[in-house]
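Good morning, everyone, and thank you for making the time. I would like to walk you through one chain, beginning with its overall build and then turning to a single residue.

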Amino acid sequence: MSKLGFIGLGIMGAPMAAHLIKAGHEVFLATRSKVPAELLTSQAVACASAQEVAEKADIIFMMLPDTPDVQKVLFGDRGVAAGLKSNGKGKTVVDMSSISPMDTKDFAKKINDLGADYLDAPVSGGEVGAKAASLTIMVGGPDAAFERVKPLFELMGKNITLVGGNGDGQTCKVANQIIVALNIAAVGEALLFASKAGADPAKVRQALMGGFAASRILEVHGERMIKRTFNPGFRIGLHQKDLGLALSGARTLGVALPQTASAAQLMQVCSANGMQDLDHSALVRALELMANHEVAKA
């Protein structure tokens with residue numbers, strides 16, 4: 001059994017930490033608000049700061065909303081770096097957030113300078129995947145650190161891949177978010193077209209699931225669009241942030257991502273209409289607003 005830390009216990013982080021606790025590991029917990037009572041056991045204790053987590057744990061996981069949040073938890077007052085200054089040698093910091101690949105490389109170097117290894121390991125699968133321990137985990141960092149942490153990743157996910165060096169995990173996650181966003185937009189347009197033409201969108205979706213257009217997005221998010229169940233598994237605001245990372249990276253690399261830009265604008269329409277905290281399948285609402293027609297009634 002390992003001494004683990006987990007910082008960030010939101011929609012995703014709480015069930016991920018729960019899997020580590022259930023496996024019998026000693027886990028030190030910290031989060032921006034109050035640590036959920038259901039996570040606290042004889043081997044899972046709340047800490048007052050990220051620094052305390054880093055001082056007590058050998059492997060420190062983070063699951064936070066955005067790049068500035070990770071930077072603050074790592075290098076801010078009473079942050080992880082402060083906890084590593086005296087005894088960082090041999091420890092590993094694992095960032096499972098979805099943040100900037102370029103900033104990740106900088107964060108990794110600073111943590112390495114304190115004697116600790118660093119892995120960027122963003123995930124895909126949303127709240128459903130976090131609860132089911134079926135997340136896809138995309139990892140960047142040194143081979144030895146990956147092999148050390150892999151048994152713990154296997155408690156939280158199913159498809160676990162070492163993509164390359166530090167930053168490559170985050171680059172892979174940005175690519176994932178591009179594909180997911182464009183598929184959500186495609187499913188939204190298809191179901192909106194079918195519904196406006198007078199066809200039953202539920203039966204259209206059922207038919208499409210048996211053909212070449214079948215996908216997890218059509219299966220899960222198409223159903224959400226039809227049933228109007230937009231409670232967040234992954235919020236529009238967070239996906240909008242990820243597409244911002246993609247477009248910022250594209251400018252740096254000198255490449256055009258026109259469809260990504262279009263999807264980002266649809267999410268901006270949703271955010272401008274107060275829907276940033278809905279599930280990203282609610283991107284269809286932007287299309288519905290423009291068409292003055294809903295795919296289905298609640």
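What you see here is a predicted model, and its secondary structure comes to 13 helices and nine strands.

Let me begin with the overall dimensions. The C-alpha atoms fill a box of roughly 65 × 45 × 35 Å along the principal axes. The radius of gyration of the chain is 20 Å, and this agrees with a compact globule, because a globule of 298 residues would have a value near 19 Å.

Next, the inside and the outside. Buried residues account for 50% of the 298 residues, while the accessible surface of the chain comes to about 13600 Å², with 55% of that surface belonging to carbon and sulfur atoms. If we take the contacts between residues at least 6 apart in sequence, 66% of them join residues that are at least 24 apart. As for charge, the chain has 30 positive and 28 negative charges, and the mean positions of the two groups are 3 Å apart.

Now to the single residue, Thr67, which lies in helix α3, a helix covering residues 67–75. Is Thr67 buried or exposed? Thr67 counts as buried, because its relative accessible area is 8%, and the cut-off for buried is under 20%.

Which residues, then, are in contact with Thr67, once we leave aside its neighbours within four places in sequence? They are Ile99, Ser100, Asp103, Phe107 and Leu245. With Ser100 there is a further detail, since the side chain of Thr67 reaches the backbone nitrogen of Ser100 at 3.1 Å.

Technical notes. Residues are numbered from 1 along each chain as its sequence is written. This is a predicted model: local features need pLDDT of at least 70, side-chain atom pairs count only at pLDDT 80 or more; totals for chains, interfaces and linings use all residues. Side-chain values use heavy atoms; hydrogens and water are left out. Helices (H or I, at least four residues) and strands (E, at least two) are DSSP runs, numbered from the N terminus. The radius of gyration is taken over C-alpha atoms; the globule rule is 2.2 Å times the number of residues to the power 0.38. Buried means under 20% relative accessible area, exposed over 50%, partly exposed in between (1.4 Å probe, protein chains only). Contact means heavy atoms within 4.5 Å. Accessible areas come from the Shrake-Rupley method with a 1.4 Å probe; for residues, only the protein chains shown count as cover. Lys and Arg count as positive and Asp and Glu as negative; His and the chain ends are not counted. The place of a charge is taken as NZ of Lys, CZ of Arg, CG of Asp or CD of Glu. A polar contact is a pair of N or O atoms within 3.5 Å; within protein, one must be able to donate a hydrogen and the other to accept it, and residues adjacent in sequence count only if both atoms are side-chain atoms.
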